[in-house]
Amino acid sequence: MKIQTNNKKRQITKNGNGNPEPIAGNRGASILGPRNVPIERQNPDSLIAPTTDAGTVPNFKWPFALSHNRVLSGGWARETTTRELPISTEIAGVNMRLKPGGIRELHWHKESEWGYVIKGSCRVSLFDEEGRLFIDDVSAGDLWYFPSGLPHSIQALEDGVEFLLVFDSGDFSENETFLICDWFAHTPREVLAKNFGVDKSAFDALPTDIGHSRYMFAGKVPPSLSEDAPPPPAKQSRQSYTWHMLAQEPTKAPGGSVRITDSRNFSVSKTIAAARIEVEPGAIRELHWHPNADEWQYYLSGQGRMSVFASGGKSRTFDYQAGDVGYVPRDMGHYVENTGDEPLIFLALFRSDHYADVSLAQWMGVLPPELVKAHLNVDDKFIARLPKNEPLVR
Ligand code: MN
Ligand code: MN
């Protein structure tokens with residue numbers, strides 16, 4: 001029996017229990033042994049791949065749902081790094097939630113940090129190497145960029161917050177950042193007293209959980225920004241480390257839209273370039289590749305699939321849904337197709353100061369037609385349809 005799944009273009013054979021089976025026409029057979037049906041339903045292109053898939057291709061998918069979740073009094077955090085997704089050497093990601101007033105402990109790290117607010121709002125601060133403080137409130141669709149090594153803070157406002165963090169190294173770990181309490185706990189009290197010019201007793205009331213494990217702790221919702229921030233202008237940073245990505249006018253194309261934020265419009269973002277891409281149901285982000293960096297994806301809503309062409313006769317198709325991470329190594333060709341009934345929205349992050357892509361169709365459109373025809377036996381009608389200006393989503 002064949003019935004349609006969410007993807008109207010794809011037919012998955014199901015057995016009497018309604019479970020999908022790896023059967024397509026004359027190929028395949030039902031599963032007799034143990035199975036994990038919810039995961040098989042989410043990954044129909046792994047259960048039975050398109051016939052164009054071939055060869056052994058690394059894994060390009062990791063759901064945050066499979067990451068260890070660190071749960072503390074302030075909220076929770078889960079990460080996707082090279083430990084979870086070994087191919088993701090250029091970028092690591094963290095999905096973090098802070099309840100109202102919750103504080104991500106004062107810290108710094110050697111990687112640069114790019115943050116995107118998914119829901120709610122928070123106050124962020126950054127202290128720069130010239131001794132100036134930047135402090136701002138951000139909410140859904142806003143982002144921040146903290147250059148490597150500069151200390152910063154994040155505190156949820158009255159509605160709480162959930163955000164995505166992206167770091168410019170796949171080896172990053174949220175559990176290895178330089179924490180202020182950890183340092184206090186590992187400095188002799190008499191040295192602390194000498195450093196701050198106070199008596200040792202000043203540190204008698206240090207929190208009992210001081211050390212490496214404080215990390216995200218419950219706090220009081222701070223007052224308004226104008227009451228909370230130091231008086232301007234002497235100590236205020238002149239540079240902005242936050243950006244309203246959703247306020248950007250999107251580039252619209254038939255089938256979707258895209259917003260690109262990189263150092264050309266958000267000047268501090270020197271190591272992370274970002275695209276927020278919306279693909280309408282049935283539409284496809286066209287065949288393309290990125291010549292300058294690997295692509296790290298975070299799916300915000302909807303569901304889709306992506307085939308990655310890995311050269312040498314190899315290709316593999318992966319299915320994604322909200323909360324998943326996707327990855328595409330530099331130069332590997334790919335598309336992203338909306339296979340669901342609602343808009344597919346995802347963030348694409350690159351370890352670069354600028355966003356760049358190469359469109360297969362646009363390249364073919366500007367080549368001498370005879371050269372293209374000699375490769376693919378396509379006719380003049382096909383050549384005439386090729387674009388001269390790349391539509392980002394079509
Ligand atoms: Mn950080
Ligand atoms: Mn791409």
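Where does Asp-331 lie? I'll start there, since it is a good way into this model. Asp-331 is found in the loop between β25 and β26 (333-338). Please keep in mind that this is a predicted model.

What is the phi of Asp-331? It is positive, about 75°, although the residue is not a glycine. As general background, most residues other than glycine have a negative phi. On burial, Asp-331 comes out as partly exposed because its relative accessibility is 43%. A second residue to look at in this respect is Asn-377, which is not a glycine either and has a positive phi near 55°. You can find Asn-377 in the loop between α7 (369-376) and α8 (380-385). With a relative accessibility of 72%, over the 50% cut-off, Asn-377 counts as exposed.

Now let me step back to the whole chain. The protein has 394 residues, and 51% of them count as buried. There are 8 helices and 28 strands. Along the principal axes, the C-alpha trace spans about 85 × 55 × 35 Å. If we take the contacts with a separation of 6 or more, 73% of them are between residues 24 or more positions apart. As for the outside, the accessible surface is about 18,900 Å², and carbon and sulfur atoms account for 56% of that.

On to the metals. Which residues coordinate the manganese ion that is ligand 1? The protein donors are His-107, His-109 and His-152, each through NE2, together with Glu-113 through OE. These donors lie 2.0 to 2.2 Å from the ion. Reading along the sequence, their spacing is H-x1-H-x3-E-x38-H. His-107 has a relative accessible area of 2%, so it is buried. His-109 is buried too, because its value is 3%.

The manganese ion written as ligand 2 has its own set of donors: His-288, His-290 and His-334 by way of NE2, and Glu-295 by way of OE. Here the distances run from 2.1 to 2.2 Å. The spacing along the chain is H-x1-H-x4-E-x38-H. If you put the two patterns side by side, you can read x3 before the x38 stretch for ligand 1 and x4 for ligand 2. Two of the ligand 2 donors can be placed by burial as well. His-288 counts as buried because its relative accessibility is 3%, and Glu-295 does so at 2%.

Next, the nonpolar cores. How many residues does the largest nonpolar core have? It has 45, and those with the most contacts inside it are Met-96, Trp-114, Trp-144, Trp-296 and Leu-349. Elements that give two or more residues to this core include β9 (92-98), β11 (113-127), β13 (142-146), β22 (295-301) and β27 (344-350). The element that gives the most is β14, with 8 residues. Apart from this core lies another, with 23 residues, including Ala-273, Val-279, Phe-318 and Ala-348. In general, nonpolar side chains in soluble globular proteins tend to be buried together.

Phe-318 brings me to the aromatic pairs. The count comes to 18. In one of them, Phe-60 and Phe-318, the ring centres are 5.6 Å apart and the planes are at 50°, so the pair is tilted. This pair links distant parts of the chain, with the two positions 258 residues apart in numbering. Phe-60 is in the loop between α2 (44-47) and β6 (61-63), while Phe-318 is in strand β24 (residues 315-321). Both of these residues are buried.

Another tilted pair is Phe-196 with Phe-203: it is called tilted because the planes are at 55°, and the centres are 6.2 Å apart. Are its members buried or exposed? Phe-196 is partly exposed, given its relative accessible area of 44%, whereas Phe-203 counts as buried at 8%.

Let me go back to Phe-60 once more. Ring pairs link Phe-60, Tyr-299, Phe-318, Tyr-320 and Phe-346 into a cluster. One ring of that cluster also has a charge over it: Lys-61 lies over the face of Tyr-320, 5.9 Å from the ring centre. Elsewhere, Arg-214 has its charged end over the ring of Phe-217, at 4.0 Å from the centre.

That's my tour, and thanks for listening!

Methods:
Residues are numbered from 1 along each chain as its sequence is written. Chains are lettered from A and ligands numbered from 1 in the order in which they are written. This is a predicted model: local features need pLDDT of at least 70, side-chain atom pairs count only at pLDDT 80 or more; totals for chains, interfaces and linings use all residues. Side-chain values use heavy atoms; hydrogens and water are left out. Donors are N, O and S atoms within 2.8 Å of the metal (3.2 Å for Na, K and Ca); water is not among the atoms, so sites may look incomplete. Buried means under 20% relative accessible area, exposed over 50%, partly exposed in between (1.4 Å probe, protein chains only). A nonpolar core is a set of buried Ala, Val, Leu, Ile, Met, Phe, Trp, Tyr and Cys residues joined through side-chain atoms within 4.5 Å. Helices (H or I, at least four residues) and strands (E, at least two) are DSSP runs, numbered from the N terminus. Rings of Phe, Tyr and Trp (its six-membered ring) pair if their centres lie within 6.5 Å; planes under 30 degrees apart count as stacked, over 60 as edge-to-face and the rest as tilted. A charge sits over a ring if NZ of Lys or CZ of Arg is within 6 Å of the ring centre and within 35 degrees of the ring normal. Contact means heavy atoms within 4.5 Å. Accessible areas come from the Shrake-Rupley method with a 1.4 Å probe; for residues, only the protein chains shown count as cover.
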